[in-house]
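User: I am new to this structure and would like to understand the terms used for it. Could you take me through them one at a time?

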Amino acid sequence: MSVYWNERVRRLSPYVPGEQPRDRKFIKLNTNENPYPPSPKVIEAIGRAAGDGLRLYPDPACTELREAAARRYGVRPEQVFAGNGSDEVLAFAFGAFFEGAAAGPVLFPDITYSFYPVYAALWNISFRTIPLTEDFSVNVEDYRTPAGGVVLPNPNAPTGRALSAQEITSMLEYHAPYHKVVIIDEAYAAFGAESMVPRTNKYPNLLTVHTLSKSASLAGLRAGLAIGNEELIGGLCRIRDSFNSYTVDRLAQAGAAAALSDAAYYDEINRRIIASRERVSAGLAELGFTVIPSAANFIFVRSPRMGGADLFVRLRERGILVRHFNKPRIGDFLRISIGSGKEMDALLEACGEILK
Ligand code: PMP
């Protein structure tokens, strides 16, 4: 605490991101980055953008990037918002569409992306967490109840379980008459969940959020998108333009647009990640692990022989970083990102030795 902090800052309990080690070389399976490099076309586009043009502010409307996204997703550019990573897009969406207690609490699972309660606190939004079922599934009926809105990752993080588009549709239909927004965070959808984007025209209360950090191998670039009806996009622009008109710089706009235009490259690397996920899930199951079926680029696992905190430390000693959440219900689990084939071989070998 500091005497200089205002009441708002005192009240915050900020999100703590996964470790980005700088001192030692780890096999890094803790923040769901893509093990493959970005498309060569992305690097070329950033190279072209890294010139004299940097004297000038970037296009505040991110026109080329939004056009590339629109082509990729079969929507209109007016239905696309671009931001500095999907964390920023989500923060803006909470600020634009959700409110305090009078509007009813925003609903999200008890076990989900831990940034959601942080955004809620930042904007004074009331929320209610809904427990996942025993097997860590989202029960859609729990979300068909009066509320200020819904936010849900699909697939969920850190469990990796996905809902069908039809299940999400039933939430959208419930909340539509009350004009309550349902945010579907598709950070990991490219690894196996059905995207809601094709339903954008049908559901004006649907906002689908995408990131280029995971499936486009661009966590270092910071680019995220929201796809939704023009009124929702307009709300996001109003928040952005009350904060910082230039959140996406020239290099990020160029690189992200190139990534969205090279589906063939990304389909191939992400297909490899999915194949690797299935292989590692089977390998860990053979070692006795419980492995939650994942539609993401990570798996959520528990060993009956060692607690999550201990296994985290033992893997770290061997140079393998994974993610452990010291939280109710999931303290015995580890979230393991799917790395390259070699990295996953090292993980399987280390787990085998530790649990021998
Ligand atoms: N949503 C979920 C569910 C995530 O796990 C993450 C990554 N931490 C994000 C959004 C944010 O990703 P980024 O800001 O890199 O786009």
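User: What makes the pair between Tyr113 and the ligand a polar contact?

Analyst: Happy to help! In this predicted model, a polar side-chain atom of Tyr113 lies 3.1 Å from a nitrogen atom of the ligand. A polar contact is a pair of N or O atoms within 3.5 Å, so this pair counts as one.

User: How do you know that Ser213 and Asp87 make polar contacts with the ligand too?

Analyst: The same cut-off settles both. An N or O atom in the side chain of Ser213 is 2.6 Å from a ligand oxygen, and for Asp87 a backbone N or O atom lies 3.0 Å from an oxygen of the ligand. Both values are within 3.5 Å, so both pairs qualify. As for cover, the ligand has 410 Å² of accessible area on its own, and the protein covers 91% of that.

User: Where does the ligand sit, and which residues are around it?

Analyst: The ligand sits in the largest pocket. Around the ligand are Gly85, Ser86, Asp87, Leu90, Tyr113, Asp185, Ala187, Tyr188, Thr211, Ser213, Lys214 and Arg222. Each counts because one of its heavy atoms lies within 4 Å of the ligand. By class, this shell has 4 nonpolar, 4 polar and 4 charged residues. Helix H4, residues 86-97, gives the most to the shell, with 3 residues.

User: Why are E9 and E12 called edge strands?

Analyst: The open sheet has 3 strands in the order E9-E10-E12, with antiparallel pairing. Strand E9 (290-291) and strand E12 (333-337) each have a single partner strand, so one side of each is left without a neighbour in the sheet.

User: How do you know that E9 pairs with E10?

Analyst: Pairing needs at least two bridges, and 2 bridges join E9 to E10 (residues 298-302), so the two strands count as a pair. They run antiparallel. Thr290, for one, has Arg302 in E10 as its bridge partner.

User: Which peptide bonds are cis, and where are their prolines?

Analyst: Among them is the bond joining Asn154 and Pro155, with omega about -5°. Another is the bond from Ala157 to Pro158, with omega near 5°. Pro155 lies in the loop between strand E5 (149-153) and helix H6 (165-175), and Pro158 is placed in the loop between E5 and H6 as well.

User: What makes Ser217 worth pointing out?

Analyst: Most residues other than glycine have a negative phi. Ser217 has a phi near 55°, a positive value in a residue other than glycine. You can find Ser217 in the loop between strand E7 (206-211) and strand E8 (224-228).

Terms used. Residues numbered from 1 in each chain as written. Predicted model: local features only at pLDDT ≥ 70, side-chain atom pairs only at ≥ 80, totals over all residues. Heavy atoms only, no water. Polar contact = N/O pair within 3.5 Å; in protein donor to acceptor, adjacent residues only side chain to side chain. Areas by Shrake-Rupley, 256 points an atom, 1.4 Å probe, with all protein chains shown as cover. 1 Å grid on protein atoms, 1.4 Å probe; cavity = no way out; pocket = protein on both sides within 12 Å on 5 of 7 lines; lining within 4 Å. Sits in = over half its atoms within 2 Å of the grid points. Helix = DSSP H or I, 4+ residues; strand = E, 2+ residues; numbered from the N terminus. Nonpolar A, V, L, I, M, F, W, Y, C, P; charged D, E, K, R; others polar.
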